[in-house]
Structure formats: C-alpha cells, structure tokens
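Student: I would like to go through this model slowly and ask, for each label, what justifies it. Could you set each value against its definition?

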Amino acid sequence: MKKIICKVTYDTDASELVMKKTSGEFGDPAGYEESLYKTADGKFFLYVNGGAESIYPKEDIKRMAAKKAEEWQANA
C-alpha cells in the first residue's frame, strides 16, 4: 500500500518491515494486524488492517515518530 501524508510518500513495498503484531485469529471480524515499517530515509509508519468489527476496519497507513515506534516495539 502507498499513501502520501504531508507530502511524504509512505510505501510498504519500498520500505523495510521492522515488526508485525496481530490480534485475533484469521477470519475474526474483530481481529487486526499492525505492521511497523521504516523508510529508506529513516521515517517510521504503521500499516494497519483488520476485520469489519476491529479498530482498523479499513487498511490504512499512519505515520509514527521514532520515539513512538520504539515504544510500540517495546510493548510487543
């Protein structure tokens, strides 16, 4: 997925997957995935996707500050 946020392009195909978290089982309408990515220039973003009843009912990309990315990884 690719998304432009504040004139910066975040692209899952062109970035490094750092870590992935899942909640629920495959097919669970409340289940979801969060995948942390790092761009070539060091920016972090979260790719999210989930079931219709989850906190992420649509796939999306959310930018993330480096400090927040560290905290997200520590809480895995």
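Student: Why is Tyr56 called buried?

Tutor: Buried means under 20% relative accessible area, exposed means over 50%, and partly exposed lies in between, with a 1.4 Å probe and protein chains only. Tyr56 has a relative accessible area of 13%, which is under 20%, so Tyr56 is called buried. Before we go on, note that this is a predicted model, in which local features need pLDDT of at least 70, side-chain atom pairs count only at pLDDT 80 or more, and totals for chains, interfaces and linings use all residues. Residues are numbered from 1 along each chain as its sequence is written, and side-chain values use heavy atoms, with hydrogens and water left out.

Student: How many aromatic pairs does the structure hold, and what makes Tyr10 and Phe45 an edge-to-face pair?

Tutor: The structure holds three aromatic pairs. Rings of Phe, Tyr and Trp (for Trp, its six-membered ring) pair if their centres lie within 6.5 Å, and planes under 30 degrees apart count as stacked, over 60 as edge-to-face and the rest as tilted. For Tyr10 and Phe45 the centres are 5.4 Å apart and the planes make an angle of 65°, so the distance satisfies the limit and the angle gives the name edge-to-face. Tyr10 belongs to strand E2 (residues 8-11) and Phe45 to strand E5 (residues 44-50), so the pair ties together parts that are 35 residues apart in sequence. Strands here are DSSP runs of at least two residues (E), helices are runs of at least four (H or I), and both are numbered from the N terminus. Both Tyr10 and Phe45 are buried.

Student: How do you know that Tyr32 and Tyr56 also form an edge-to-face pair?

Tutor: The same test applies: their centres are 5.4 Å apart and their planes 80° apart, so the pair is within 6.5 Å and over 60 degrees. This pair joins distant parts of the chain, with Tyr32 in strand E4 (residues 32-38) and Tyr56 in the loop between E5 and E6, 24 residues apart. Tyr32 has a relative accessible area of 22%, which falls between 20% and 50%, so Tyr32 counts as partly exposed.

Student: What makes a group of residues a nonpolar core, and which residues form the largest one?

Tutor: A nonpolar core is a set of buried Ala, Val, Leu, Ile, Met, Phe, Trp, Tyr and Cys residues joined through side-chain atoms within 4.5 Å. The largest has eight residues, namely Leu36, Phe44, Leu46, Val48, Tyr56, Met64, Ala69 and Trp72. The elements that give two or more residues to this core are E5 and helix H1 (66-74), and the largest share, three residues, comes from E5. Apart from this core lies another of six residues, including Ile5, Tyr37, Phe45 and Tyr47.

Student: How do you know that Leu46 is buried, and what is it in contact with?

Tutor: Leu46, which lies in strand E5, has a relative accessible area of 5%, and since this is under 20%, Leu46 is buried. Contact means heavy atoms within 4.5 Å, and, leaving aside neighbours within four places in sequence, Leu46 is in contact with residues that include Leu36, Met64 and Trp72. E5 as a whole is mostly covered, with five of its seven residues buried.

Student: Why are E4 and E5 called paired strands?

Tutor: Two strands pair if DSSP finds at least two bridges between them. Seven bridges join the antiparallel strands E4 and E5, so the requirement is met. Likewise, E5 and E6 pair in the antiparallel sense over five bridges. Leu46 stands opposite Leu36 on one side, and opposite Lys62 in E6.

Student: What makes the link between Asp60 and Lys3 a polar contact?

Tutor: A polar contact is a pair of N or O atoms within 3.5 Å, where, within protein, one must be able to donate a hydrogen and the other to accept it, and residues adjacent in sequence count only if both atoms are side-chain atoms. The side chains of Asp60 and Lys3 are joined at 2.6 Å, so the distance is within the limit. Asp60 lies in strand E6 (residues 60-64).

Student: Why is Lys7 called exposed?

Tutor: Lys7 has a relative accessible area of 83%, which is over 50%, so Lys7 is called exposed. Lys7 lies in the loop between E1 and E2, and its phi is positive, about 70°, although Lys7 is not a glycine. Most residues other than glycine have a negative phi.
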